[in-house]
Amino acid sequence: MASTPNGPPPLLDLTVDNITQNVVQINTQSPDARLNYLMERLITHMHDFARETRLSTGEWMAAIQFLTKTGQICTDVRQEFILLSDVLGLSSLVDSIDHPKPPNCTQGSVLGPFHTGDAPHLPIGSSMSADAAGEPLLALCTVRDSAGRPISGVKVDIWETDSTGHYDVQHPNREAPSERCVMTSDVDGGFWFKAIRPVSYPIPDDGPVGKLLRQLNRHCWRPSHMHFILDKEGLDRLIT
């Protein structure tokens, strides 16, 4: 199994028991140690999954076809693979691993696909919604550190859907930002704004991920929510 000086390691007569070791060795010859480690763990876990579940050729081909269709439906504005990562819980897991929070802190969440950089900076107390059909909402907020002390001067980016469950960027005739704004917390760490009560909305379910949800007897609806990014120099940014 030793690598040759000028090429890959010699191949063995592969069996269920030795194939993983050989595939790992032939795929971990990069000068990038991190890439080698990621490949070694990926191959090991995939092979163990196949052995543990006694994966059939038909099931393997169904998975290949599913991933192929997932890629085929992706566009510049639709990322079906991220949707798949979301419904499998991987997006949140990676975010939690990559952005750990100390005790007594608000847990972060993924950014999501509908954040923009053009939200207007509004004075505290302003309305960020132009949707007359939405149920009025008054949000009273305070930013505090893990010891409960208020934090002033925090840039707070806020956005939500309109009353139909669509973000402004989903409308083809969008002329200006709506249901989004940026505010700065005051000396007491406070900020408040007028908006509309968030509504639930479905994720795109007309593709392979939607079909998977139906096969798993899951619905496609997200709970009603509002997005926040809290940012101040010297502090860890919070997306929640």
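Visitor: In which kind of crossing does H1 pass H2?
Guide: Happy to start there, with the note that this is a predicted model. The two helices are H1, residues 19-26, and H2, residues 33-53. H1 passes H2 in a crossing that is right-handed.

Visitor: Are H1 and H2 roughly parallel or roughly antiparallel to each other?
Guide: Their axes lie 9 Å apart, and the packing angle is about 155°. Angles over 145 degrees count as roughly antiparallel. H1 and H2 are therefore roughly antiparallel.

Visitor: Which residues of H2 make the contact with H1?
Guide: Let's take the H1 side to begin with: Ile19, Thr20, Val23 and Val24. Across from them, H2 contributes Glu40, Ile43, Thr44, His47 and Arg51.

Visitor: What distance separates the centres of domain 1 and domain 2?
Guide: The domain assignment puts domain 1 at 18-55 and domain 2 at 102-202 + 224-239. Taken over C-alpha atoms, the centres are separated by 43 Å.

Visitor: Which strand gives the most to the largest nonpolar core?
Guide: That core has 17 residues, with Ile158, Phe191, Phe193 and Phe228 making the most contacts inside it. Strands S1, S2, S3, S4 and S7 each give two or more residues to this core. With three residues, the one giving the most is S4.

Visitor: Which residues of the 190-196 strand, S4, does Phe228 contact?
Guide: Setting aside neighbours within four places in sequence, Phe228 touches Val156, Asp157, Ile158 and Trp159, among others. Its partners also include Leu238, Ile239 and Thr240. From S4, which spans 190-196, the partners are Phe191 and Phe193.

Terms used. Residues are numbered from 1 along each chain as its sequence is written. This is a predicted model: local features need pLDDT of at least 70, side-chain atom pairs count only at pLDDT 80 or more; totals for chains, interfaces and linings use all residues. Side-chain values use heavy atoms; hydrogens and water are left out. A nonpolar core is a set of buried Ala, Val, Leu, Ile, Met, Phe, Trp, Tyr and Cys residues joined through side-chain atoms within 4.5 Å. Buried means under 20% relative accessible area, exposed over 50%, partly exposed in between (1.4 Å probe, protein chains only). Helices (H or I, at least four residues) and strands (E, at least two) are DSSP runs, numbered from the N terminus. Contact means heavy atoms within 4.5 Å. Domain bounds come from an automatic or database domain assignment. Axes are lines fitted to C-alpha atoms, for helices over the stretch in contact, and angles run from 0 to 180 degrees between N-to-C directions. Angles under 35 degrees count as roughly parallel, over 145 as roughly antiparallel, 65 to 115 as roughly perpendicular and the rest as oblique. A crossing is left-handed if the near helix is turned anticlockwise from the far one by less than a right angle, and right-handed if clockwise.
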